[in-house]
Amino acid sequence: VTRALLLGLLLALAVAAPVAASEEKPTLAELEREVICPTCHTTLELSDAPVADRMRAFIRERIAAGDTKTEIKASLVESFGEGVLAAPPREGFNWLAWILPLAGAAAAIVVVGVAARRWVRRTPEEHPLDPELEQRLDDELARFDA
Amino acid sequence: MARRVKIVLQAAAVAVVALLVVLLGWRVAQQEEGRGLDDAVAGGEQPTAPDFTLEALDGDGTISLSDYRGKAVVLNFWASWCGPCKTEAPLLQSAWERYRDRGLVVLGVDAQDFKTDGRRFAERYGLTYPIAHDQDGVTLGRYGYSAFPETWFVDREGRLVGEHIQGEFSEDQLEENIRLALES
């Protein structure tokens, strides 16, 4: 149990450390993947629109000024609205966007699981072979063996 | 019991799908509204200009199109990074200065732009006419936006008249459409 706890702790640290570093010292490349160009509706990394160039310059300025990722995103939202974020913030109605896909996947797993269980449980007794067909099958097999 | 659960689950699934279809329809209808306006104006109709309320670019309160009912309005959509908008800005300022006493308002809508950039642009070109900042770009879809700059003309009754100019306008185009808006 102690080993498992330690392993869990190590894994949590391994995940949390880069996340914290990314929050405190974001890079242009990662923000380009998390921000949408408002004119072409692709992520910034895929856009060469004038506004995308301006946004990249702004992000560079804010990174150099020492802003955190959250602060930079908040500044962008102030000018361009929440639609500028590639993923909606986890708050209010936006939670639906995060929960619905997971709920859908969970529901699909349950449905497939239940269907598979029913299918496996189906025994031949539940669907007995027609005696006439069974006899015919036996005859065919006997003829084949002969 | 199992049958009842099954019916409830099926009903829930149908409800979710129906909700998604309604949301999709609403979104498409919003996008189509602007295209409908464009077609109507091109066909000589004078549809009512969709009203909006946006934050003023200078941060001093809000601006609504309906604030200017009774006046003719040149409604110009722009952004500071747009090249042709730089050519249009002095022409719009000049028109505002010459026609404001006759009941014309130039109303700028700065969208898809940093507020600070928009403010710098207004200062640089000495723009004194009212300018709103469309943070979420809500007006763009409603007016059938395709690319900056775009200009509509609204008469004193709040109807769209004249041309929907997509791209940079000429001085003659601006004058002619202002005359139509004032006289309509």
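In this predicted model, B:Tyr145 counts as partly exposed because its relative accessibility is 23%, where partly exposed denotes the range between buried (under 20% relative accessible area) and exposed (over 50%), evaluated with a 1.4 Å probe and protein chains only. B:Phe148, by contrast, counts as buried because its relative accessibility is 10%. The rings of B:Tyr145 and B:Phe148 form a tilted aromatic pair, with 4.7 Å centre to centre and 50 degrees between the planes; rings of Phe, Tyr and Trp (its six-membered ring) are paired if their centres lie within 6.5 Å, and planes under 30 degrees apart count as stacked, over 60 as edge-to-face and the rest as tilted.

By this rule, nine aromatic pairs are counted over all chains. One of them is the stacked pair of B:Trp78 and B:Phe121, for which the centre to centre distance is 4.6 Å and the angle between the planes is 25 degrees. Because B:Trp78 lies in strand S3 (residues 72-78) of chain B and B:Phe121 in helix H3 (residues 115-124) of chain B, the pair ties together parts that are 43 residues apart in sequence; helices (H or I, at least four residues) and strands (E, at least two) are DSSP runs, numbered from the N terminus. Both B:Trp78 and B:Phe121 are buried. In addition, B:Phe52, B:Phe77, B:Tyr143 and B:Trp152 form one aromatic cluster.

At the surface, B:Val16, B:Leu19, B:Leu20, B:Leu23 and B:Trp26 make a nonpolar patch of about 520 Å². Patches consist of residues with over 30% relative accessible area and no salt bridge, like charges being joined within 9 Å and nonpolar side chains (Val, Leu, Ile, Met, Phe, Trp, Tyr) within 5 Å; accessible areas come from the Shrake-Rupley method with a 1.4 Å probe, and for residues only the protein chains shown count as cover. A salt bridge is a side-chain nitrogen of Lys or Arg within 4 Å of a carboxyl oxygen of Asp or Glu. B:Leu20 is located in helix H1 (residues 2-42) of chain B and counts as partly exposed because its relative accessibility is 49%.

A positive surface patch is formed by A:Arg118, A:Arg122, B:Arg3 and B:Lys6, where Lys and Arg count as positive, Asp and Glu as negative, and His and the chain ends are not counted; each charge is placed at NZ of Lys, CZ of Arg, CG of Asp or CD of Glu. A:Arg122 is placed in the loop between helix H5 (95-121) and helix H6 (131-145) of chain A. Chain A has six helices and zero strands, and 22% of its 146 residues count as buried.

Residues are numbered from 1 along each chain as its sequence is written, and chains are lettered from A and ligands numbered from 1 in the order in which they are written. Local features need pLDDT of at least 70 and side-chain atom pairs count only at pLDDT 80 or more, whereas totals for chains, interfaces and linings use all residues, and side-chain values use heavy atoms, with hydrogens and water left out.
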